[in-house]
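Subject: Structure for you to look at

Hi,

Here is the structure I said I would pass on. My notes follow below it.

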There are 2 protein chains.
Amino acid sequence: MLRVPAGQGVDLGALSPAALPAGPADKAAGQAATARLAGPLAELQERLYAASTTGDRRRVLLVLQGMDTSGKGGTVKHVIGLLNPSGCRITAFKAPTAEERGHPFLWRIAKALPRPGEIGIFDRSQYEDVLIARVRELVPRSRLDRRYGEINRFEESLAEDGVTVLKVFLHISPEEQLRRLLKRLDTPEKRWKFDPGDIEERARWSAYQEAYALALERCSTAAAPWYVVPADRKWYRNWAVSTLLLEHLEDIDPRYPEPGFDVEACRARLLAS
Amino acid sequence: MLRVPAGQGVDLGALSPAALPAGPADKAAGQAATARLAGPLAELQERLYAASTTGDRRRVLLVLQGMDTSGKGGTVKHVIGLLNPSGCRITAFKAPTAEERGHPFLWRIAKALPRPGEIGIFDRSQYEDVLIARVRELVPRSRLDRRYGEINRFEESLAEDGVTVLKVFLHISPEEQLRRLLKRLDTPEKRWKFDPGDIEERARWSAYQEAYALALERCSTAAAPWYVVPADRKWYRNWAVSTLLLEHLEDIDPRYPEPGFDVEACRARLLAS
């Protein structure tokens with residue numbers, strides 16, 4: 001996975017969605033490596049949650065973005081499988097409702113944020129408002145252009161409040177998307193996932209890649225960096241996102257709180273109860 | 001597990017929390033039997049979600065109640081481990097906030113309900129308002145007594161709207177609770193889970209058992225039955241709750257929707273894209 005340097009652009013066309021830029025070299029090794037992350041991830045998550053019970057406000061927000069079929073939902077399922085789901089707050093953002101459209105675009109995002117001690121996961125996010133909104137020209141260009149700065153200020157305020165913001169672009173190729181869309185069509189029990197509208201979005205592939213490149217360039221900040229994860233291979237994508245999450249939890253290094261009570265006295269009272 | 005007959009009482013003292021009233025006879029068999037539920041559960045959950053995308057409003061609400069350390073959190077973790085977490089809506093209800101106290105007691109419950117296609121899981125619930133509220137005399141008796149009927153009408157309206165309400169009382173013994181509380185105290189990385197207030201709640205054991213018996217008697221209805229699951233053995237509890245969930249999903253029998261588009265035409269458009 002590539003961390004997009006703050007203030008710099010990224011040439012998505014030069015990054016292969018099938019690349020294995022770091023880590024395990026094949027599927028078996030990748031799955032084994034990912035399985036080994038489960039223990040450390042679960043322990044760090046428990047420590048994060050435990051610390052919040054005595055006032056530590058730190059928490060994590062993992063933002064997943066990518067083209068249709070890039071594996072956002074699959075990543076959520078996989079990552080949560082390594083964690084305690086009770087401490088996770090998952091939100092899948094769809095097209096805004098009438099109520100949501102009546103508010104500033106960050107309103108629904110703010111409502112879905114993780115609370116102290118939690119790991120929040122966004123399947124789509126505030127970035128839809130500079131992606132589909134840009135490609136489909138849903139808002140005037142001047143308003144759209146202001147949104148990048150609004151997002152940066154919003155994410156900076158989150159970071160100041162103890163949120164580790166981790167943004168991942170799942171980078172797939174148009175060929176892989178075609179394979180996945182055809183599979184949805186050709187498998188009866190997957191057909192419900194197919195939306196004919198996906199064909200029209202696919203036709204705008206290069207416009208979306210440009211919109212992504214712009215979002216990554218303008219919104220990869222020190223407070224909330226963007227990472228590009230090659231996602232044509234699901235096992236690599238799972239390993240990469242799990243590894244990023246683990247590294248960020250290790251940086252947080254949450255600690256179990258000291259007990260605010262007398263352990264021996266409590267044991268005596270318990271045994272007498 | 002025992003289904004509490006509608007309109008009848010249940011003698012909790014006569015039900016052993018260590019009993020194995022049905023199903024596998026030992027831990028190894030229980031864990032194997034539970035693992036075999038994962039496939040059918042995941043498929044039914046996917047069908048439930050798929051059906052909601054074309055207007056099926058059906059959904060499931062699993063309510064977990066029980067004394068401290070009875071395993072509500074552990075059950076959530078285990079059950080979600082068998083499901084796709086993206087389709088689950090988990091809520092752990094704590095002591096009501098100032099805002100929640102300013103509303104009727106069902107207000108925060110209604111806000112946390114699963115949406116069509118989802119499986120909601122409540123770790124504690126509306127029943128706290130007739131359990132701790134009764135034992136601790138938090139509200140006048142007349143107001144408390146009205147709440148059972150309010151809960152029944154609320155749950156009936158949920159059932160009419162397509163919610164399968166499944167309420168589980170995790171039945172543990174005071175001896176097992178003592179073991180679990182001591183383990184929290186004696187294990188440094190579990191100590192943060194210990195709350196000295198638990199000792200005071202434990203001292204009211206029989207008052208809580210009476211309050212539970214009353215809630216089970218008054219609120220086990222045809223629309224929303226109560227089940228008593230012996231919970232001294234975690235493997236049995238996990239098997240029993242997973243089995244109950246599977247049975248209720250089988251009753252719902254959700255179906256993949258028929259595609260609302262021409263599959264062949266879409267395939268041709270895709271291949272041309």
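Contact here means heavy atoms within 4.5 Å. On that basis, take the contacts in chain A between residues at least 6 apart in sequence: 81% of them join residues at least 24 apart. Bear in mind that this is a predicted model.

Overall picture. Chain A has 11 helices and 6 strands. Its radius of gyration is 20 Å, and the globule rule gives 19 Å for 273 residues, so chain A is as compact as a globular protein of that length. Along the principal axes, the C-alpha atoms fill a box of roughly 70 × 45 × 40 Å. Of the 273 residues, 53% count as buried. The exposed area of chain A is about 12000 Å², with 51% supplied by carbon and sulfur atoms.

Helix α1 of chain A. This helix covers residues 27-52. At 1.5 Å a residue, its 26 residues should span 38 Å; the end C-alpha atoms are 37 Å apart, which agrees. There is still a kink of about 30° at A:A38, shortly before the proline A:P40. At the N-terminal end, A:D26 acts as the cap: one of its side-chain oxygens lies 3.2 Å from the backbone nitrogen of A:A28.

Which residues of α1(A) are buried? Among them are A:G30, A:A33, A:T34, A:L37, A:L41, A:L44 and A:L48. The polar or charged names A:Q45 and A:R47 are on the buried list too. An α-helix has 3.6 residues a turn, so residues three or four places apart point the same way. The cover over the buried residues of α1(A) includes β2 (59-66), α2 (72-81), β3 (88-92), β4 (119-123) and α10 (234-252) of chain A.

Best wishes

How values were computed: Residues numbered from 1 in each chain as written. Chains lettered and ligands numbered in written order. Predicted model: local features only at pLDDT ≥ 70, side-chain atom pairs only at ≥ 80, totals over all residues. Heavy atoms only, no water. Helix = DSSP H or I, 4+ residues; strand = E, 2+ residues; numbered from the N terminus. Expected span 1.5 Å × (residues − 1). Bend = angle between axes of the 7 residues up to and from the residue. Buried < 20%, exposed > 50% of the residue type's maximum accessible area, 1.4 Å probe, protein only. Polar contact = N/O pair within 3.5 Å; in protein donor to acceptor, adjacent residues only side chain to side chain. Rg over C-alpha atoms; globule rule 2.2 N^0.38 Å. Areas by Shrake-Rupley, 256 points an atom, 1.4 Å probe, with all protein chains shown as cover.
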